[in-house]
Amino acid sequence: MLRLVLSLVLLDPTTVAEVSQRNVPVPRILTPDGDRLGYAPVPRPYTGARRLTGVLLGRDPVTQTNVLCGGTVIGSRSRSLVLTAAHCLHQHGRALQQVTFLPDYDLGQPRLGVWPAARMWVPAKWRSEPYSPSLLPYDVGLVGVAPRERPLEAVTGRGLRPMHTTRGTKLRGLELLGYPAGKGYPGTKMYRCVGDATEAASEGPGLMITRNCHAAAGGSGGPVLYGDALAGVVSSSSPMSDAQGYTVLTRLGGPVFERMFAKADREMLKRAG
């Protein structure tokens, strides 16, 4: 397996190191008007899958550090689930607190409201085992948000369907969405990157990697889109000092994700009932 570095995302952009000016070789950048990391701002207003995407905020109860990630509404019977990365919900052996989802977030405005987490789910391996690169295929999590007057999907529109690919599947023309923060990125508006993905792991449910995008801080937890489906979630990236930068994508497939998704949907349905 590739030697990968998990990029945990801090809310304060002043803590993010200077980004190299040559992270993705120019011939590898597929995004129209893509910058040095392969990313470009998403045109406004946000529509479709972009309207379903937003920021996910949380706080580490021990370090008192704020965490910013991406998240997106995933279609479910409960109409209340948000897909993100596991490390955006559970770090250093403990769950984050005050987790909140802000869909259609733009320039500091939560255009579709503020949705506090009622429940969170990450794979058992992520909770119980110390971090190692072998855990990256399990870096996927779900948030069940508390309903307001109406359930989440009644406000945002129908959530995206998960695309259950298996290890070895190669996908071309993926779109990665996120809210990068740090040098050159405000952390308050959505960016996109177009990339092709290949297999990056030899064990477990599989793991994708794209060398066309180099996700900066703030990109974790954002959706990986294949047409109108969710093919995965942005997990991590190589260090920002890597001149051949790449991004790691956790795929949605296999029994671990499917069981977690079914359990989360059942529990949120019961809660609504």
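User: Why is the link of Cys69 and Cys88 called a disulfide, and what is its handedness?

Analyst: A disulfide is a pair of cysteine sulfur atoms within 2.5 Å. The S to S distance for Cys69 and Cys88 is 2.1 Å, so the pair fits that definition. The angle about its S-S bond is -85 degrees, and the link is left-handed. The two partners come from distant parts of the chain, 19 residues apart: Cys69 sits in strand β3 (residues 66-74), and Cys88 in the loop between β4 (81-84) and β5 (90-91). Helices (H or I, at least four residues) and strands (E, at least two) are DSSP runs, numbered from the N terminus.

A quick word on the source: this is a predicted model, where local features need pLDDT of at least 70, side-chain atom pairs count only at pLDDT 80 or more, and totals for chains, interfaces and linings use all residues. Residues are numbered from 1 along each chain as its sequence is written, and side-chain values use heavy atoms, with hydrogens and water left out.

User: How many disulfides does the structure hold, and what pattern do they follow?

Analyst: There are 2 disulfides. Counting bonded cysteines along the chain, the pattern is 1-2, 3-4. Besides the link of Cys69 and Cys88, Cys193 is joined to Cys213, with an S to S distance of 2.1 Å. This link is left-handed too, at -95 degrees about the S-S bond. Here Cys193 lies in strand β16 (residues 191-199) and Cys213 in the loop between β17 (208-210) and β18 (223-226), 20 residues apart.

User: Why is Cys193 called buried?

Analyst: Buried means under 20% relative accessible area, exposed over 50%, and partly exposed in between (1.4 Å probe, protein chains only). Cys193 has 0%, so it counts as buried. Cys213 also has 0%, and therefore it is buried. Cys69 and Cys88 are buried as well.

User: What share of the residues is buried in the protein chain?

Analyst: Buried residues make up 53% of the 273 residues.

User: How do you know that the radius of gyration agrees with a compact globule?

Analyst: The radius is taken over C-alpha atoms, and the globule rule is 2.2 Å times the number of residues to the power 0.38. For 273 residues a compact globule would have a radius of gyration near 19 Å; the protein chain has 17 Å, so the value agrees.

User: What share of the contacts joins residues at least 24 apart?

Analyst: A contact means heavy atoms within 4.5 Å. Among contacts between residues at least 6 apart in sequence, 71% join residues at least 24 apart.
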